Amino acid sequence: MPIIIPTLDFAALIPILAIITTGLVVLLLDIYVEDKAVLGYVSLIGLLATAIACFGLLTQTVAPTFQNMLVSDGYSLVLDLIFVVTATLSIMIALSYLPARDMQSGEYYALLLFATSGMMLMGAATDLIVVFLGLEIMSIALYVLAAFNRRQLGSGEAGLKYFVLGAFASAFFLYGVALTYGATGSTNLQTIAMWFSANPAYAHNPIAMVGLALLLIGFAFKIAAVPFQWWTPDVYHGAPTSVTAFMSVGAKAAGFAALVRLLLVSFGAIPDWRWVISWLAVLTMTGGNIVALAQKDVKRMLAYSSIAHAGYILVGVVPGTPDGVKGILFYLMSYAFMNIGAFAVIALLEQRDQIGSSIESYMGLSSRKPLLALMMLFFMFSLTGIPPFIGFWGKWYVFWAAVKGGASWLAIVGMINSVISAFYYLSVVVQMYMRSPTEPSELEFAPLSLPVTLTIALAGAVTLLLGLWPTPLIKLTALGIFG
Amino acid sequence: MSFPILSLLIFFPILGGIALLGIGKENVKGIKIMAFIVSIFELLFSLPLWFSFDKTTYQMQFVERHSWISLFNIEYYLGIDGISILFVLLSALITILCVLVSWNSIEKKVKEFFVSLLLLEGAMIGVFCALDFFLFYIFWEAMLIPMFLLIGVWGGPNRIYAATKFFLYTLVGSLLMLVGIITLYIQGGNTFDILALAGQHYPVKLQLMLFWAFFAAFAVKVPMWPVHTWLPDAHTEAPAAGSVVLAGILIKMGAYGFLRFSMPILPEATSAMMMPMLVLSLIGIVYGGIICLAQTDLKRLIAYSSVSHMGFVTLGIFALNTQSVEGGILQMINHGVVTGALFLGIGMVYERTHTRKISDYGGLATNMPVFASFFLLFTLASVGLPGTNGFIGELLILLGSFLTKPWVALIAASGLIIGAWYMLWLYQRIFFNPVNSRWNGIKELDAREIATFLPMVILIFWIGLYPNSMLEYMHVSVAHLLEQVTGNTAGIPSGVEVAVDTAVKATSHLPQVSH
């Protein structure tokens, strides 16, 4: 029997390899370099190189490779760019946030890069096993990052909670993989689809259905969809703000990356999942928003609101059309800018022991730091989905895809939820602009540190400018098609 | 390509507002002067519209059209016709008055105030010029942000509640409209071009759904009963300039939306929904008027009177004949001028007394005779005294609605009586009752304040004595609009044709021949 050597096209791995290499370099340099901030800048250079590589690859398609385990298509590359943006902005926050809390260290940046590589793997995977590998690479790094502020009880709690529940979800996912394999005889996304189309009579066999349900539970946990969201507020609230910013966008995007490919490629012929996702979307939007209404802490409020945003994105999954996929990519990219921007403001204001994230501490911010308040106003209105900010276009895109795909009612539920969300986003603006400042002595601001200020300025500028002129991002996400 | 005058009108105040940011915070005087100059130039720039507008065509004029977001076929498409031109001009004028009335009354965050005001002006003019439904929506929503800040930052004691309520009410309506827009886009051949959307035929059921989706946005803005409750709060708490913009321009946008979108795009639904709309308008007229009688707060009273007056406007629009629609549009301008002037006056007197309670006043005519004369004129214009602009608008509306449904005009006319009652009673309580000694040393109007009133006085008499100078701008456009509404109703029996038929007969001076 001849030995077939599988095609190994490393071009498909370039972005992932670039990130992992950067991570390893950071780890190595960590031994020699005293000033750990340098490592952050090294990471940024690596991310920049990765971004360039992604842009270079965008025009060429690489066929599925590594025994059909991986693909480098428009979809995975646009996602890679989303992850790169997320990681870049979070590292810039961390460069200011970590030294202010004596948390500066080399492994922070290495872990963050490894998590990013896991996310990229999830976006490129065409096999459930590889999805699982990516999921674990990402999650394990994130568990550690969540607990990174070891002097603080809340951070440890966040890490442990995330770890225990995350492991539980991984088990669900793996069991789902096993059942799917049992039903269809393969873990490859394409082969699963072929099996379903070859055996339409077995399309609804219970093993495959239970397998899909378990897979969905695993993903629902990662993207923090209701009713699998219980871990989210505590983890997001307890973790260091720079980490929260990263995982609220990155982990969510990675979860969606694999979920969308799985549903559309493997289960595209079996539309039963549509109503499940529909109801998941309704529950997630509504649940996240209603609980967010009651929050008195801005960081926690954003944690719940990020649940709601997962719901809006799920609306884009329901139609299962290329429009929906592009809408999701657009939404994720815009969400990366506006949400991380908002977290950057929190990181800047946050005092030690998290005094600064309560909503009262935003009172009168516009008098003390007018530009900072203006940027926060941009982010809040953008998250609400008010033009001319980028968040509006994200919502528009997914709701448009839903209406076009025949799910108008979901779009209407989404709109109603936008109004609910307006209430708590507005309350931040109200505090900043319409209340008088508390005594200045009570809250002293740390001097504005350059990297986080840059992050806020960058995110704010993108939020506004791409809101006024969204065409570049629309064109980019239009490339996001399966190879 | 002709000079892009509409873009200039939209972006000049926006850029002016951004330029204001460059002035130092301490230089309060410089900020005010700069804002004033920007608003004056804006009016000057808008004058060519008035003079070079072609009144003989319903076609859009001063058109600018560029592709904006090609994936969704969204265009940057501007143009005005006889329906929108007057609102563009009014917006430019009212903003100047807002700058003037805010001269001394705004004490904190002066720079931010004028920046918001100018951004608001740009967005408002954008709303009236947009011919792409999506572009319209963007201006419509973007306007919310500066207005929210104007009410919430510089408003009265209960401002946060009022600002949030304003924002949420409007947002609910707008988002339902957005779903409607998407549906229309998909059904109407992937375009947002308002003119192209209007030329098509949609299933009646779809039209009705879309009508109510648009209604949600426009009726909240007008505001029509029963979604009017945000208005009294917003008006009461807003600073003087905010109230003037609200009364003068913002609430006109709802009625404008009916004229620009609901009627031409959904003609069958419009004629089918005529009765419900007329009834809602009547409720607004009578209910708003009666509520006015019970008010103890000066601004709240004028706010409820807006509900009543805007009821007349929507009544005119949905009575669907030439007189009533033209009357409705004219009455929008009139209401903008008169209620704007009333709010300006209240702003001035509030600056001196810091109370809005009617019972705190009394005998002000003794201390402020000039102010009392101005206010009397505005009061009379508000109740529709012949010779003032209010008379013309209300007369046209009543005449038009009488032709459609006589009993409607009858009930609406009772609103006029209530209107005279609460306005004159208000005037009596403020200016004539025994002199309240608290206001003995009160300052009379200064030159700036008189200058603020003068444009309004001129407009009141101008429209009142020579209404045709305004009406001639809209004749052709309104005729075309009604043709769009009634021309497409062939398959549906409705009162519209009858109404128009009667209207034609009634306006003809030839002896009637029986057929």
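Start by selecting residues 488-515 of chain B, where pLDDT (the predictor's confidence in each residue, from 0 to 100) stays under 50. For this stretch the model has 26 contacts (heavy atoms within 4.5 Å) beyond four places in sequence. Where pLDDT is low, the predicted coordinates should not be read in detail.

A word on ground rules. This is a predicted model, in which local features need pLDDT of at least 70 and side-chain atom pairs count only at pLDDT 80 or more, while totals for chains, interfaces and linings use all residues. Residues are numbered from 1 along each chain as its sequence is written, chains are lettered from A and ligands numbered from 1 in the order in which they are written, and side-chain values use heavy atoms, with hydrogens and water left out.

Now colour by confidence. Chain B has a mean pLDDT of 84, and among its elements helix α23(B) (residues 495-507) has the lowest mean, 44, and helix α5(B) (residues 133-142) the highest, 90. Helices here are DSSP runs of H or I with at least four residues, strands are runs of E with at least two, and both are numbered from the N terminus. Chain A averages 87.

Next, select residues 61-80 of chain B for the hairpin of β1(B) and β2(B), which has four residues between the strands. The two run antiparallel and are joined by six bridges (strands pair if DSSP finds at least two bridges between them). B:Ile69 has B:Ile74 as its bridge partner, and B:Asn73 in the turn has a positive phi of about 60°.

Move on to helix α6(B), residues 144-154: eleven of its eleven residues are buried. Buried means under 20% relative accessible area, exposed over 50%, and partly exposed in between (1.4 Å probe, protein chains only). B:Pro146 and B:Trp154 are among the buried residues.

Which salt bridges are worth a stop? A search over all chains finds 14, each a side-chain nitrogen of Lys or Arg within 4 Å of a carboxyl oxygen of Asp or Glu.

- Show A:Asp73 and A:Arg261, which meet at 3.0 Å, N to O. The partners are 188 residues apart, with A:Arg261 in helix α10(A). A:Asp73 is buried at 1% relative accessibility, and A:Arg261 at 4%.
- Show B:Arg260 and B:Asp81, whose closest N and O atoms are 2.7 Å apart. B:Arg260 lies in helix α12(B) and B:Asp81 in the loop between β2 and α3 of chain B, so the pair ties together parts 179 residues apart in sequence. Both B:Arg260 and B:Asp81 are buried.
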